[in-house]
Amino acid sequence: MYALVDCNNFYCSCERVFQPQLLNRPVVVLSNNDGCVIARSEEAKQIGIVMGAPIHLMEGIVRNHQVVVFSSNYTLYGDMSERVMKTLAGFVPQMEVYSIDEAFLDMGRLPYTNLLQLGVAVRETVVQHTGIPVTVGIGPTKTLAKLANRYAKKFHKDLGVHYLANRRLIDQALTATNVKDIWGIGAQYARLLTINGFETAADLAKAPADWVRTNMSVVGLRLLKELNGTPCAPWELEPPKKKNIATTRSFGQVTQDRSLLEEAIANHTATAAAKLRKQGSSARQLQVLIQTNVFRQQDRQYSHQIILELEVPSNDTPELIKYALKGLDLIFRPGYNYNKCGVVMLDLVNDSEAQMGLFDLSNRARGRLLNTALDALNKTYGKDTVQYAVQGFERRYRLKSNHLSQRYTTNFNELLHVWI
């Protein structure tokens, strides 16, 4: 048996943990640069705020319904996610962290446990330990666990748990689920299935295997088996290594200042290099990109990108910064109002498989020691506690975040104050 534990309106719930006066009030969280809505409380959904809506077009609704607006506080959300996952890990032999707010629990090794009661205990414990409400769906496959989770949110909001314990309950949930809401069914497959008369998950579960394989490939066939109770989705107990690593950001405001772009590129590169080292990879290629704001029709438009080949695959921060700034030199053009820049690490290889260069004169052993020490210090004392001078200290390129809450759990200076 599998359980899918999903945090309810996660970003909004994180904000409410530290501001309980926001309970029962509409709350939204915005994307980078305070652009679009990326998270909504149930109250915000009920008054018509849609996912992805530009906030500047929602000013009337925000004002009339006293909607509380937050900028994305990824530091807070990441730490709260880690707390939730640590709590979940204590219930089962193994688990798979699926996303920042979702995890699959392996309940197949608990033969003498009442799984419905366990699901309720999971929900209550997570709320007690973290303040984050969750929904638990339990089923014989990952797909059915996802489906049970959705069913619980729709029909068992108060309990927050649904267990597909027998064929009758499975059929009931399949019938209540539209094909477009099945895990793994995108918009293209949803249209295909609807055109061919498949309206619900129950319809798809009865589809001929040959038809599914012909029209939806082997992926669709695995999904068909999952809907019929045969597990096909493997456990991913360790997240797979990324095939490329991108760090791109828009600026808080447009700029023609080349030094600001250099500072931003250096910081993006340092962030990407740390991610490379964390997953034990090195990059053979490095891509640098810059662009203006296409929505500012009054500005001249310009965008460019360049890919640089590294002499030796590397995850060394100063070496990668050197390449990135060289790339910026080659594509920068003065006189444009730049809005965004970024760095992408490409053609990644395992550190142990990196081909060294015959004429490479770099002291790579020393570089590894230096980067290891830098990563350890930044992990202990906080991101960018130790950095290279070229990264600057003012962060003039920072995103606009006019509604940012405090980093209550990770910054001593921003701890929650409680007056008694």
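In what sense do β5 and strand β6 pair, and over how many bridges? Hi everyone, let's start there, with a reminder that what you see above is a predicted model. The two strands pair in the antiparallel sense, and 4 bridges hold the count. If you want a place to look, find M95, which stands opposite L105 in β6. For orientation, β6 covers residues 102–106.

Now let's step back to the sheet around that pair. It is an open sheet of 5 strands, and reading across you get β5-β6-β1-β7-β8, with mixed pairing. At the edges stand β5, residues 95–99, and β8, residues 161–163; each has a single partner strand, so one side of each is left without a neighbour in the sheet. On average, neighbouring strands here are turned by 15 degrees against each other, direction ignored.

What lies across these strands? Helix α6, residues 142–155, lies across β1, β5, β6, β7 and β8. Against β7, which spans 134–139, the helix runs at about 135 degrees.

That helix brings me to the salt bridges, and the count for the model comes to 18. I'll show you three of them.

My first pick is K142 with E96, where the closest N and O atoms are 2.4 Å apart. K142 lies in helix α6 and E96 in strand β5, so this pair ties together parts that are 46 residues apart in sequence. Are the two partners buried or exposed? K142 is buried, at 2% relative accessibility, and E96 is buried too, at 5%. So here we have an edge strand and the helix lying across it, with a salt bridge between K142 and E96.

Next, please look at K86 and E82, whose closest N and O atoms are 3.5 Å apart. Both sit in helix α4, residues 74–89, and because they are 4 residues apart, about one helical turn separates them. K86 is exposed, with a relative accessible area of 60%, while E82 is partly exposed at 43%.

The third pair is E414 and R407, whose side chains meet at 2.7 Å, N to O. E414 has a relative accessible area of 19%, and since the cut-off for buried is under 20%, E414 counts as buried. R407, at 32%, is partly exposed.

One last stop: R150, K180 and D181 are joined into one network by salt bridges that share partners. Thanks for listening, and I'm happy to go back to any of these spots.

Note on methods: Residues numbered from 1 in each chain as written. Predicted model: local features only at pLDDT ≥ 70, side-chain atom pairs only at ≥ 80, totals over all residues. Heavy atoms only, no water. Pairing = 2+ DSSP bridges. Axes fitted to C-alpha atoms, helices over the stretch in contact; angles between N-to-C directions. Contact = heavy atoms within 4.5 Å. Salt bridge = Lys/Arg side-chain N within 4 Å of Asp/Glu carboxyl O. Buried < 20%, exposed > 50% of the residue type's maximum accessible area, 1.4 Å probe, protein only.
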